[in-house]
Structures are given as structure tokens and as C-alpha cells.
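Student: I have a model open and some labels to test. Can we go through them one at a time?

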Amino acid sequence: MPRIVLFSYPGSPWGAKVISYLSLRGIEYSECCQPMTWPRPDLQLLGIQYRRIPFIAIGKDIYYDSSLIFEKLEALYPHQPLGAKEPSAMTLEKLMEKWAEGSLLNSVMYILPKSLPFLTDSKFLADRKELWGMDFSPDALEKGLSKSLVEIRGHFAILENLLGDGRQWLLDSKKPGLIDIHAAFLFDWIFNMPGVQINELISASAYPFTWRWLDRYRHAIAASQKQGAAITQLTGPEATKLILESEFAEMAGTVMDDPTRLREGQIVALYRIDDLSSSVKHRDVGRLVGLTPHETVIAIKAKATDIEIRIHAPRSQFEVEVAS
Ligand SMILES: N[C@@H](CCC(=O)N[C@@H](CS)C(=O)NCC(=O)O)C(=O)O
């Protein structure tokens with residue numbers, strides 16, 4: 001299998017989520033660090049318009065969105081995967097993934113420590129306002145704090161209920177599974193930030209099982225990172241060269257019958273629909289080469305080359321349509 005290249009930036013919670021997964025699996029990878037805000041000139045070398053972080057390349061296959069990244073890593077690296085195997089556990093795992101993004105994410109944002117330098121950086125604030133419509137300034141965060149604490153208390157109560165029988169991990173496994181990553185990564189990210197204040201209403205004395213589980217999670221990730229091989233850092237040109245000189249990780253897909261009625265070979269636009277600017281500014285345009293209930297695959301040419309790479313995106317939160 002070609003070497004994985006992760007495109008992320010330090011401090012990205014979703015980037016940390018993918019890194020935690022790779023570490024727990026012991027899968028080696030290289031990293032191409034990106035700026036925290038747009039533009040990301042490295043991506044232009046590959047011809048990629050995608051705005052969000054992280055994404056990974058496995059050879060000339062590029063995978064957007066951590067949900068698809070996990071599905072692919074589970075399937076392409078089948079030795080000792082982390083995902084649940086039994087249908088009810090698989091369902092819970094998927095729901096936990098959606099809960100983290102759809103509910104938990106918004107709750108934890110307001111406890112970001114106000115001393116973080118980027119919260120007073122006008123470039124960062126304007127960038128995120130354009131992307132999310134959200135004001136991350138310290139004043140705006142302060143206004144949302146009490147609602148956020150009420151919500152986090154509710155989230156903790158759900159976990160405390162499950163962990164209250166003394167299990168170590170959410171599905172009572174011996175080691176952390178993918179479901180633990182889904183449920184823990186945002187708490188792990190926020191509660192380990194320098195300067196974070198933990199209100200007593202959500203403290204370890206109120207939710208002892210949940211805090212012990214979060215502690216175990218942090219130690220398990222740290223131990224796996226200590227054991228794992230060093231991560232190679234690549235510049236944009238180095239990452240591009242590595243990717244373009246690699247094989248594809250997967251065979252070409254198929255375009256199945258689909259409600260969109262799109263057909264193989266059509267030139268399509270692929271973009272996210274869960275933020276304010278992707279549908280306008282971050283459309284990847286290419287030849288449709290794969291369409292299933294799970295994913296869209298388009299082929300594009302890397303900038304100034306004749307070399308094709310394939311972009312894979314999940315169906316959920318993405319739109320694909322004939323390019324205009
Ligand atoms: N559902 C996406 C969420 C990714 C996401 O929102 N990432 C944040 C960074 S942690 C982002 O892209 N923010 C805007 C940016 O960095 O440009 C995934 O799972 O990959």
C-alpha cells in the first residue's frame with residue numbers, strides 16, 4: 001500500500017482524531033502541515049479545492065472527511081481494525097460519530113480558553129466567520145458559555161450512564177475502539193488545551209466514570225504514539241511528488257444507478273454543503289468515476305500535469321451535480 005499522507009494542522013480536533021486512530025492502529029504515515037486559515041497553496045499543486053481539514057492521500061487516491069477516512073482505513077488495512085463488528089454496536093458507533101459532529105462540537109466550542117492567541121487574530125476570526133458564520137471572539141464565547149455547560153453536562157450524563165457499570169471502554173472492549181475515538185476526541189481536544197477551565201458542574205467529582213475514561217483514552221493514545229514510528233513531515237511539493245509518483249490505493253469504482261441520475265464520465269462538481277462557503281468557493285470539478293450510496297469519486301488532473309488523481313468524498317454532507 002502506498003504511504004499515507006495526512007493534510008492537517010496542529011490544533012485541529014478532526015486532524016487529532018485521525019492521528020489518534022492511526023496511532024492506535026500503528027499505521028505509519030507522513031504529514032503535510034497546512035495553515036489554519038485559507039488559502040492553502042499546497043493544495044493547488046494537486047488541483048484540490050476542498051476547504052476542510054483533515055484529508056488524506058493513499059497514493060493517488062484522496063479521501064475527504066474523517067468519516068470516509070475511517071471507513072477506508074478499516075477496509076484497506078484490515079489487520080486488527082478498531083471498528084465494531086456486531087450490527088447493534090456498529091449502529092451505536094455510527095450514531096456516536098454523528099452525535100459528536102452534530103451536537104457535541106457546537107457545545108465544546110464555547111469553552112475554548114479565551115487566552116488562545118488565535119481567538120484575537122483578526123485573520124482567523126474573519127476566516128471562520130466567512131466559513132461558519134460564527135463569531136469566535138472571546139466576548140462571543142463568553143456569551144455562549146452557560147448554554148454550553150448545560151449541554152456538556154447532558155452529554156456527560158449519557159456517557160456516565162454507559163460507563164457507570166465499570167467498563168473500561170464504551171463497548172466493553174479490552175482496548176479503545178473507534179466508538180471511543182468518536183465520543184472522546186472533542187473532549188480530549190478541549191480539556192487538554194492550555195488555560196482551559198473546567199467548571200465544577202462538569203468536573204470529575206460530578207462525572208467520575210467519564211473523566212476516568214477520558215484519562216484512559218489520553219494515556220492509550222500517548223502510549224501508542226510513543227511506540228509508533230516517527231512521523232515524517234513533508235512540504236507541499238514533497239507531498240505532491242510522493243502522491244503523483246505513487247500507485248492508486250484502490251481499483252477504479254463504478255457508477256451505480258443513483259437518484260441524481262448522474263452517469264459515468266460526466267463532468268461534475270463535488271462540494272460540501274455543511275458550511276457557508278464550500279458550495280461557492282470550494283468546488284472540485286472532475287470526471288465522475290464512482291458513485292455508490294456511500295461515496296462519490298471523481299478524477300481530476302494535478303495542476304500542470306497529465307497525471308490523474310481520484311478524489312473520494314462521502315455522500316453525507318456533500319453534493320455532486322453536473323458542472324455548470
Ligand atoms: N466532517 C469533517 C469535519 C472537518 C472540519 O470541520 N474540520 C475543521 C478543522 S478541525 C475545518 O476544516 N475547519 C476549517 C478549516 O480548517 O479550513 C470531517 O470529519 O473531516
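Student: What stands opposite Ile 58 in β4?
Tutor: Asp 61 does. This is a predicted model, so take the pairing as computed.

Student: How do you know that β3 and β4 pair?
Tutor: Count bridges. Pairing needs at least two bridges between the strands. Strand β3, residues 55-58, has four to β4. The criterion is therefore met, and the two strands run antiparallel.

Student: What makes β3 and β4 a hairpin?
Tutor: Two residues lie between them. Gly 59 sits in that turn, with a positive phi of about 60°.

Student: Which strand pairs with β4 in the parallel sense?
Tutor: Strand β9, residues 308-314. Three bridges link β4 and β9. At least two are needed, so this is a pair as well. Asp 61 has Arg 310 as its bridge partner in β9.

Student: Why are both faces of β4 called covered?
Tutor: Look at the side chains. In a regular strand they alternate between the two faces of the sheet. In β4, residues 61-64, Asp 61 and Tyr 63 are on one side, with Ile 62 and Tyr 64 on the other. All four are buried, and buried means under 20% relative accessible area.

Student: What is the strand order in the sheet?
Tutor: The order is β5-β2-β1-β3-β4-β9-β8-β7-β6-β10. That is an open sheet of ten strands with mixed pairing.

Student: Why are β5 and β10 called edge strands?
Tutor: Each pairs on one side only. β5 covers 232-233 and β10 covers 318-322.

Student: What packs on this sheet?
Tutor: Helix α1, residues 13-25, is one of the elements that do. It touches β1, β2 and β3, and its direction makes about 155° with that of β1. Helix α9, residues 236-244, packs on the sheet too. α9 touches β1, β2, β3, β4, β5 and β9, at about 145° to the direction of β1.

Student: Why is β6 called largely enclosed?
Tutor: Five of its six residues, in the stretch 267-272, are buried, so the rest of the structure largely encloses β6. Four bridges join β6 to β7, residues 284-291, in antiparallel fashion. Ile 267 stands opposite Arg 287 there. Five more bridges join β6 to β10, also antiparallel. Val 268 has Val 322 as its partner in β10.

Student: How do you know that Cys 32 and Cys 33 form no disulfide?
Tutor: The structure holds zero disulfides. For Cys 32, the nearest cysteine sulfur is that of Cys 33, 7.5 Å away. A disulfide needs the sulfurs within 2.5 Å, so this pair fails.

Student: Is Cys 32 buried or exposed?
Tutor: Its relative accessible area is 0%. The cut-off is under 20%, so Cys 32 is buried.

Student: Why is Cys 33 called partly exposed?
Tutor: Its value is 34%. Buried ends at 20% and exposed starts over 50%, so 34% falls in between.

Student: How do you know that the radius of gyration agrees with a compact globule?
Tutor: For 324 residues the rule gives a radius near 20 Å, and the chain has 20 Å, so the two agree. The C-alpha trace spans about 60 × 45 × 40 Å along its principal axes.

Student: How many residues count as buried?
Tutor: 52% of the 324.

Definitions and conventions
Residues numbered from 1 in each chain as written. Predicted model: local features only at pLDDT ≥ 70, side-chain atom pairs only at ≥ 80, totals over all residues. Heavy atoms only, no water. Buried < 20%, exposed > 50% of the residue type's maximum accessible area, 1.4 Å probe, protein only. Contact = heavy atoms within 4.5 Å. Axes fitted to C-alpha atoms, helices over the stretch in contact; angles between N-to-C directions. Rg over C-alpha atoms; globule rule 2.2 N^0.38 Å.
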